[in-house]
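Reader: I'm new to this and a bit lost when I look at a whole chain at once. Could you pick one part and take me through it slowly, with the rest as background?

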Amino acid sequence: MFDLLLKNISQYIHLSGEDFKQFVKLFEYKKFKKKDIVLKEGDYCAFEGFVLSGCFKIYYLNENGFEQTLYFAVEEWWITDIDSLINNVPSILNIEALEDSEVLMISKKDKEYLYETMPQIEKLFRIMNQKSSVALQRRILSLTGKTADKRYLEFLEKYPGLEQRITQQQVASYLGITHEFLSKIRKKIFEK
């Protein structure tokens with residue numbers, strides 16, 4: 001169960017076997033069923049979760065009540081509302097399981113404990129936060145500066161195989177377009 005987590009963090013830091021045991025002791029294994037809500041708008045986020053299996057959508061409801069998906073989290077991705085977690089404010093995000101899923105969850109308190117006792121863990125999460133910031137910047141630039149066609153192609157590249165696991169409505173929500181417009185884009189691209 002922890003092999004996937006070790007593989008993931010080994011991209012950024014090296015932990016001895018004993019340090020890894022100390023690290024994973026603070027994670028709680030959780031299962032979620034399809035459609036389970038992991039975090040609801042208005043609740044306080046007190047966790048970060050590493051996805052072992054399954055798929056989640058992280059979204060909010062815009063002022064018109066439509067879902068806007070920020071990102072999908074599949075195997076080896078992390079789920080959280082970083083604003084709520086860091087600033088102890090009510091979440092504006094929702095995290096929903098799109099498939100039966102398994103996650104390793106760590107609380108804010110336990111993560112802070114790791115920062116104090118294992119400096120390399122602070123380095124790990126700093127690097128991961130930097131990568132997340134880059135991804136969010138790219139996402140904003142894509143949404144504000146690229147056509148829907150290009151955003152769809154980027155989606156296919158960023159999430160290979162995910163389109164077969166989720167609905168076209170969920171893809172459209174991620175792209176910020178209607179389901180009907182997505183159908184036109186797909187038809188145009190696949191005719192080429």
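Author: Here is a walk around one helix, α7, and the parts that surround it.

Before we start, this is a predicted model, in which local features need pLDDT of at least 70 and side-chain atom pairs count only at pLDDT 80 or more, while totals for chains, interfaces and linings use all residues. Residues are numbered from 1 along each chain as its sequence is written, and side-chain values use heavy atoms, with hydrogens and water left out.

Okay, the background. The chain has 8 helices and 8 strands; these are DSSP runs numbered from the N terminus, helices being H or I with at least four residues and strands being E with at least two. A compact globule of 192 residues would have a radius of gyration near 16 Å, and the chain's 18 Å agrees with that. (That radius is taken over C-alpha atoms, and the globule rule is 2.2 Å times the number of residues to the power 0.38.) The C-alpha trace spans about 55 × 35 × 30 Å along its principal axes. Of the 192 residues, 43% are buried, where buried means under 20% relative accessible area, exposed over 50%, and partly exposed in between, using a 1.4 Å probe and protein chains only.

Now zoom in on α7, residues 168–175. This helix is mostly covered, with 7 of its 8 residues buried. Going along it, you meet Q168, Q170, V171, A172, S173, Y174 and L175 as the buried ones. Straight after the helix comes G176, which has a positive phi, near 80 degrees.

So what does the covering? The cover over those buried residues includes β4, β5, α5, α6 (148–158) and α8 (179–191), going by contacts, meaning heavy atoms within 4.5 Å.

Let's take the two strands in that list. β4 (residues 56–61) and β5 (residues 67–73) run antiparallel and are joined by 6 bridges; two strands count as paired if DSSP finds at least two bridges between them. In general, strands of a sheet pair through backbone hydrogen bonds, either parallel or antiparallel. One pair to find on your screen is Y60 with its bridge partner Q68 in β5. The two strands make a hairpin with 5 residues between them, and G65 in the turn has a positive phi of about 85 degrees. β4 also has β7 (residues 94–97) as an antiparallel partner, over 4 bridges, and there F56 is matched with A97.

Next, α5, another part of the cover. This helix covers residues 119–145 and includes I121. I121 is buried, with a relative accessible area of 0%. Leaving out residues up to four places away in sequence, I121 touches I13, L15, F23, L114 and Y115. From I121 to K192 is 71 residues in sequence and 47 Å in space, C-alpha to C-alpha.

Finally, there's a separate sheet to look for. Four strands form an open sheet in the order β1-β8-β3-β6, with antiparallel pairing. Its edge strands are β1 (28–32) and β6 (78–79), each pairing on one side only. β1 is joined to β8 (residues 101–107) by 5 bridges, and K31 has E102 as its bridge partner there.
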